[in-house]
Amino acid sequence: MTQQEAVVIIGSGLSGYTLAREFRKLDQTTALTVITSDDGAFYSKPMLSTALSRGKDAVQLSTSTADEMATTLNATIMNHTKVAAIDAERRVVKTSSGDVAYKSLVLACGAVPIRPPMEGDAVDEVLSINSLADYARFRERLESAQRVAIIGPGLIGCEFGNDLINAGKTVTIIGPDPYPISGLLPTTVGRALKSALSTQGVEWYLGTTATAVNSNGTGYRIMLDSGSEITADLVISAVGLRPNTALAETAGLNVNRGIVTNRFLQTSKSDIYALGDCAEIDGMNLPFIAPMMAGARALAKTLSGNETAVEYPAMPVIIKTPSCPLVVLPPPRDAEGEWSYEGDGLNIAARFNDVDGKFMGFALAGDAVSKKQELTSLLPAVL
Ligand SMILES: Cc1cc2nc3c(=O)[nH]c(=O)nc-3n(C[C@H](O)[C@H](O)[C@H](O)COP(=O)(O)OP(=O)(O)OC[C@H]3O[C@@H](n4cnc5c(N)ncnc54)[C@H](O)[C@@H]3O)c2cc1C
């Protein structure tokens with residue numbers, strides 16, 4: 001066991017590496033260790049759902065190896081090393097390569113794909129894509145696949161659907177929702193997206209769930225609860241992610257949907273912090289880049305001796321569906337009010353006003369995405 005004074009980060013995704021970079025801008029001397037169960041290569045996860053039509057494979061998406069990151073960050077990168085547990089009393093993490101001591105520990109261990117409950121002899125062959133290694137497997141399997149079925153018509157499912165159709169594949173998207181990305185988009189904008197992707201050739205099975213996936217010679221048969229049956233050469237599941245809280249539980253930290261932290265990203269143990277997809281910061285689990293960057297900048301200051309609370313401005317989400325470009329800043333979940341719409345066809349600006357007429361959120365499609373800055377500037381900070 002070494003380096004009692006080290007800052008230790010678990011996870012080499014965008015959260016772990018962004019924090020390490022921000023920390024090194026402020027502190028060049030404290031020992032810094034990143035422990036990761038993957039290979040520790042740097043890549044930008046949002047690019048996974050646009051890489052196919054941009055002609056980039058998994059190797060090209062990785063822009064630095066673990067060794068290069070170690071040099072850039074003046075850090076020890078322990079890759080292919082899984083953390084099994086945290087002993088918060090002794091300030092030690094237990095890994096597959098031995099114990100590692102810490103002064104401050106940051107959990108940046110991401111989220112895990114939710115697998116829909118399905119039956120059938122090929123359920124284990126359904127792919128989820130949430131890492132570079134998953135992406136490499138997807139591209140390998142795609143070489144012999146023309147018809148791709150995507151279970152989950154949310155943001156990730158629609159982005160992959162658009163990328164696949166642009167690359168000449170045949171795409172079917174399945175899910176219980178009434179229209180795509182119904183968790184973020186108002187009806188009219190969701191329908192515009194559906195219509196744009198249908199024009200490109202996407203086939204939809206909405207209002208129904210997949211109940212079973214069975215092999216069918218070289219491909220698969222997907223059974224739906226509506227009684228329909230679809231055949232495909234490759235099946236992707238994109239039904240959502242849940243924060244990875246397993247390690248936090250071994251340390252006895254407070255866990256709700258994500259690892260519970262205050263605005264200093266501090267968990268229920270004062271020397272353990274959480275950031276990114278795994279964290280629930282001041283009651284919010286926001287699995288997007290903008291809040292993660294704001295958190296990384298604040299936490300880097302705290303870890304270098306200047307305690308800093310995270311601040312979130314209004315943060316729109318860009319949805320990478322080039323057939324119908326979208327930007328959304330959804331109103332708070334509990335907001336009561338209504339959507340109003342301007343424009344038609346694929347070019348729609350939707351605004352949400354609460355019952356007192358206060359502007360609370362927006363969704364923009366097509367040409368209307370040019371209103372992003374103007375509308376964002378009218379919305380209050382989130383934190
Ligand atoms: C296809 C796709 C497209 C996206 N597009 C956008 C977008 O356009 N805009 C946007 O804002 N957001 C987007 N997101 C979300 C965004 O990419 C994520 O919020 C962000 O990348 C999460 O980073 P993270 O570091 O928190 O988690 P991850 O990238 O999941 O990293 C988790 C790390 O923890 C490690 N780890 C986990 N458990 C252990 C353990 N026990 N021991 C050791 N290591 C462990 C893993 O190996 C990994 O290195 C997208 C997500 C996906 C999947």
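**A predicted model, from helix 8 to the ligand shell**

Helix 8 is followed by Gly305, a residue whose phi is positive, near 105°. The model described here is predicted, and every value below is computed from it.

Helix 8 itself makes a convenient starting point. With a rise of 1.5 Å a residue, its 15 residues should span 21 Å, and its end C-alpha atoms are 20 Å apart, which agrees. The buried residues of helix 8 are Pro291, Met292, Ala294, Gly295, Ala296, Ala298, Leu299, Ala300, Thr302 and Leu303. The cover over these buried residues includes strand 1 (7-10), helix 1, strand 7 (104-107) and strand 18 (272-274).

Helix 1 may be considered next. For its 13 residues, 1.5 Å a residue gives an expected span of 18 Å; the end C-alpha atoms of helix 1 are 19 Å apart, which agrees. Of these 13 residues, 10 are buried, so helix 1 is largely enclosed by the rest of the structure. The buried residues are Leu14, Ser15, Gly16, Tyr17, Thr18, Leu19, Ala20, Glu22, Phe23 and Arg24. They pack against strand 1, strand 2, helix 3 (66-73), strand 3, strand 7 and helix 8. The packing between helix 1 and helix 8 thus appears from both sides: helix 1 is among the elements that cover the buried residues of helix 8, and helix 8 is among those against which the buried residues of helix 1 pack.

Helix 5 (residues 155-166) is the third helix to examine. Its 12 residues should span 16 Å at 1.5 Å a residue, and its end C-alpha atoms are 17 Å apart, which agrees. Helix 5 is mostly covered, with 10 of its 12 residues buried. These are Leu155, Gly157, Cys158, Glu159, Phe160, Gly161, Asn162, Asp163, Leu164 and Ile165. Just after helix 5 comes Gly168, with a positive phi of about 90°; Gly305, after helix 8, also has a positive phi.

One residue of helix 5, Asp163, leads to the loop between strand 2 (32-35) and helix 2 (58-61), where Thr50 is found. Leaving aside neighbours within four places in sequence, Thr50 is in contact with Asp163 and Lys320. Thr50 has 10% relative accessibility and therefore counts as buried, the cut-off being under 20%.

Lys320 in turn leads to the ligand. There are 32 residues around the ligand, and those that come nearest are Ser15, Val83, Asp277, Ile289 and Lys320. Several polar approaches involve oxygen atoms of the ligand. A backbone N or O atom of Leu14 lies 3.3 Å from a ligand oxygen atom. For Ser37, a polar side-chain atom lies 3.0 Å from an oxygen atom of the ligand, and for Asp38 the corresponding distance from a polar side-chain atom is 2.9 Å. Taken alone, the ligand exposes 1,000 Å², of which the protein buries 90%. Helix 1 (14-26) and helix 5 are the elements that give two or more residues to the shell around the ligand. The largest share, 3 residues, comes from helix 5. By residue class, the shell divides into 14 nonpolar, 12 polar and 6 charged residues.

A further loop, between strand 8 (111-113) and helix 4 (132-142), holds Ser128. With a relative accessible area of 13%, Ser128 is buried. Apart from neighbours within four places in sequence, Ser128 is in contact with Pro113, Arg115, Asp134 and Ser237. One of these contacts is polar: the side chain of Ser128 meets the side chain of Arg115 at 2.8 Å. Ser128 and Ile150 are 22 residues apart in sequence, while their C-alpha atoms are 9.9 Å apart in space.

Two further loop residues deserve attention for their backbone angles. Most residues other than glycine have a negative phi. His80, although not a glycine, has a positive phi of about 50°. His80 lies in the loop between strand 3 (76-78) and strand 4 (83-87), and counts as exposed because its relative accessibility is 56%. Asp282 likewise has a positive phi, near 50°, in a residue other than glycine. Its loop runs between strand 19 (279-281) and helix 8 (289-303). With a relative accessible area of 41%, Asp282 is partly exposed. The loop of Asp282 thus brings the account back to helix 8.

Definitions and conventions: Residues are numbered from 1 along each chain as its sequence is written. This is a predicted model: local features need pLDDT of at least 70, side-chain atom pairs count only at pLDDT 80 or more; totals for chains, interfaces and linings use all residues. Side-chain values use heavy atoms; hydrogens and water are left out. Helices (H or I, at least four residues) and strands (E, at least two) are DSSP runs, numbered from the N terminus. The expected span of a helix is 1.5 Å times one less than its number of residues. Buried means under 20% relative accessible area, exposed over 50%, partly exposed in between (1.4 Å probe, protein chains only). Contact means heavy atoms within 4.5 Å. A residue is near a molecule or strand if one of its heavy atoms lies within 4 Å of it. A polar contact is a pair of N or O atoms within 3.5 Å; within protein, one must be able to donate a hydrogen and the other to accept it, and residues adjacent in sequence count only if both atoms are side-chain atoms. Accessible areas come from the Shrake-Rupley method with a 1.4 Å probe; for residues, only the protein chains shown count as cover. Ala, Val, Leu, Ile, Met, Phe, Trp, Tyr, Cys and Pro count as nonpolar, Asp, Glu, Lys and Arg as charged, and the others, Gly among them, as polar.
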